[in-house]
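Colleague: I am new to reading protein models, and I would love a guided tour. Could we look at this one together?

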Amino acid sequence: MNLDLMKLFEGYVRNYHTFNLTVHHGKHSFTMTEIEYFSRLGSMLGYHPFTEDTAGGTCRPMDLSWWGKFDGEYWNDFILHLERENLFKKDEETLDKLFCDRELVPSNVIGIMNVQSGERINELIDIAKLTCKINNALLIFRTTSSGKSQPYFDEVLAYLLNNDQVVETRKAFVSEIAGTLFMQLENER
């Protein structure tokens, strides 16, 4: 079952202020808050979310997964695999976790990564085009606008992939008011 991942991205952007994250929070707080948001969202949509899921030992631990049905013995309908990464040096590893060969393949994947620059985003998209075998993959990159110096990422770029093709892109901007961070879609500023 393919989800409308760009609609999920829009909700993530519009609800970001509810996370109550500030310029003073550490990276771990961002990761845990964002994973918890998507876990709650999965529950609200009627799925069964799991953190650090290994899909019955068939793959490396996933930050978050959503499953559709449990037949009493097995989980069926692997709806979503989400990875959230703060460290620049783990960006390619994150893509590998999302797009690796595995026994159980999710219908949808989302990767949220902090990256150093727009140039690095282009490199990662090129890698994703070569390795993505998922029909519905959303890559969200958080970076800093060139020439800006502040304690938070202020550009968020989303790329929707269908296997080796980018089919849609969106952009959002992060701002802060009294230290609290919020996002706005580019076309809603």
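What follows is a set of questions and answers about this model.

Modeller: Residues are numbered from 1 along each chain as its sequence is written, and side-chain values use heavy atoms, with hydrogens and water left out. This is a predicted model, where local features need pLDDT of at least 70 and side-chain atom pairs count only at pLDDT 80 or more, while totals for chains, interfaces and linings use all residues.

Colleague: Thanks! Is Phe78 buried or exposed?

Modeller: Let us place Phe78 before judging it: this residue is in strand β3 (residues 75-85), where strands (E, at least two residues) and helices (H or I, at least four) are DSSP runs numbered from the N terminus. Buried means under 20% relative accessible area, exposed over 50% and partly exposed in between, using a 1.4 Å probe and protein chains only. Phe78 has a relative accessible area of 5%, so this residue is buried.

Colleague: Which residues does Phe78 touch, beyond those up to four places away in sequence?

Modeller: Contact means heavy atoms within 4.5 Å. One partner is Ser107, 29 residues along the chain from Phe78, with the two C-alpha atoms separated by 6.4 Å. The full list is Met62, Ser65, Trp66, Trp67, Arg102, Leu104, Val105, Pro106 and Ser107.

Colleague: How many residues of β5 are buried?

Modeller: Strand β5 covers residues 137-143. In a regular strand the side chains alternate between the two faces of the sheet. Here Ala137, Leu139, Phe141 and Thr143 are buried on one side, and Leu138, Ile140 and Arg142 are buried on the other. The count of buried residues in β5 is 7 of 7.

Colleague: In which sense do β4 and β5 pair?

Modeller: Two strands pair if DSSP finds at least two bridges between them. Met113 stands opposite Phe141 in β5. Over 6 bridges, the sense of the β4 and β5 pairing is parallel.

Colleague: What kind of ring pair do Tyr16 and Phe19 make?

Modeller: Rings of Phe, Tyr and Trp (its six-membered ring) pair if their centres lie within 6.5 Å; planes under 30 degrees apart count as stacked, over 60 as edge-to-face and the rest as tilted. By this rule the model has 14 aromatic pairs. The rings of Tyr16 and Phe19 have centres 4.7 Å apart and planes at 55°, so this pair is tilted.

Colleague: Which parts does the salt bridge between Glu188 and Arg14 tie together?

Modeller: A salt bridge is a side-chain nitrogen of Lys or Arg within 4 Å of a carboxyl oxygen of Asp or Glu. Glu188 and Arg14 meet at 2.3 Å, N to O. They are 174 residues apart in sequence, so the bridge ties together the segment after β8 (180-185) and helix α1.

Colleague: Which residues are linked with Glu188 and Arg14 in a network of salt bridges?

Modeller: Both of these residues are on view at the surface to some degree: Glu188 is partly exposed at 38%, and Arg14 is partly exposed at 40%. The others linked with them in the network are Lys7, Glu10 and Arg170.

Colleague: One last pair, please: how far apart are the closest N and O atoms of Glu155 and Lys171?

Modeller: Glu155 counts as buried at 16% relative accessibility, whereas Lys171 is partly exposed at 24%. They form a salt bridge, and the closest N and O atoms are apart by 3.9 Å.
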